[in-house]
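This report describes the arrangement of helices and strands in a single chain and the side-chain contacts between them.

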Amino acid sequence: MSIDEWTNPVTCMDARIDPATAFGINLGDAHVIRNAGGNAQDSLRSLVISEQLLGTNEILLIKHTGCGMMTFKNEDIHAVVDTQLGSEAKAELAGMDFQPFPHLEDGVRDDVEFLKKSKAIPDSVTISGWVYEIESGKVRQVV
């Protein structure tokens, strides 16, 4: 698959993901946004800047097989923070939603829906959702 210039791939910070190869992206053709789980809410600030100031007009929301965000719940990571970082870190992050997701395709659909409902993303922006198969390096469209 090849994409046009002015695209925003939003994907996980997992180093095994290569969106440039999977989507035929050339250097300078896209603003790749990475965060834990390829999370749409965490990406919103960067998406608004990219679209409103730099002219991008398409979002590819990409999650991947074997994502660590499917392996825990919020209470699990809050307990880890308390144990490993202490009470001050626990207090600082109290109430934070780390946004884990138990099902891959549902996570893609939920994030695409979030972006489509956001008033900060114009209706003219094309939004699609994908799964990157770590095992093969291939992508498949979900939404």
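Contact here means heavy atoms within 4.5 Å, and angles run from 0 to 180 degrees between N-to-C directions. The structure is a predicted model. In it, helix α5 lies across strands β3 (58–64), β4 (126–132) and β5, and runs at about 155 degrees to β3.

**The sheet**

The three strands crossed by α5 belong to an open sheet of five strands with mixed pairing, in the order β2-β1-β3-β4-β5. Strands β2 (33–35) and β5 (139–141) stand at the edges; each has a single partner strand, so one side of each is left without a neighbour in the sheet. From one strand to the next, the twist averages 25 degrees.

Strands of a sheet pair through backbone hydrogen bonds, either parallel or antiparallel. Strand β1 (residues 7–12) and β2 run parallel and are joined by three bridges. T11 has R34 in β2 as its bridge partner.

**Helix α2 against helix α5**

Helix α5 also meets a second helix: the axes of α2 (residues 40–54) and α5 (residues 104–117) come within 10 Å and cross at roughly 40 degrees. Angles from 35 to 65 degrees fall between roughly parallel and roughly perpendicular, which makes α2 oblique to α5. The crossing is right-handed. The residues that make this contact are listed below.

| Helix | Residue range | Contact residues |
|---|---|---|
| α2 | 40–54 | A40, Q41, L44, L47 |
| α5 | 104–117 | D111, F114, L115 |

By type, these residues divide into five nonpolar, one polar and one charged.

**An aromatic pair**

A search of the whole structure finds one aromatic pair. The ring centres of F23 and W130 are 5.2 Å apart and their planes stand at 90 degrees; planes over 60 degrees apart count as edge-to-face, so this pair is edge-to-face. The pair links distant parts of the chain, with F23 in helix α1 (residues 19–23) and W130 in strand β4, 107 residues apart.

Technical notes:
Residues are numbered from 1 along each chain as its sequence is written. This is a predicted model: local features need pLDDT of at least 70, side-chain atom pairs count only at pLDDT 80 or more; totals for chains, interfaces and linings use all residues. Side-chain values use heavy atoms; hydrogens and water are left out. Helices (H or I, at least four residues) and strands (E, at least two) are DSSP runs, numbered from the N terminus. Angles under 35 degrees count as roughly parallel, over 145 as roughly antiparallel, 65 to 115 as roughly perpendicular and the rest as oblique. A crossing is left-handed if the near helix is turned anticlockwise from the far one by less than a right angle, and right-handed if clockwise. Ala, Val, Leu, Ile, Met, Phe, Trp, Tyr, Cys and Pro count as nonpolar, Asp, Glu, Lys and Arg as charged, and the others, Gly among them, as polar. Two strands pair if DSSP finds at least two bridges between them. Rings of Phe, Tyr and Trp (its six-membered ring) pair if their centres lie within 6.5 Å; planes under 30 degrees apart count as stacked, over 60 as edge-to-face and the rest as tilted.
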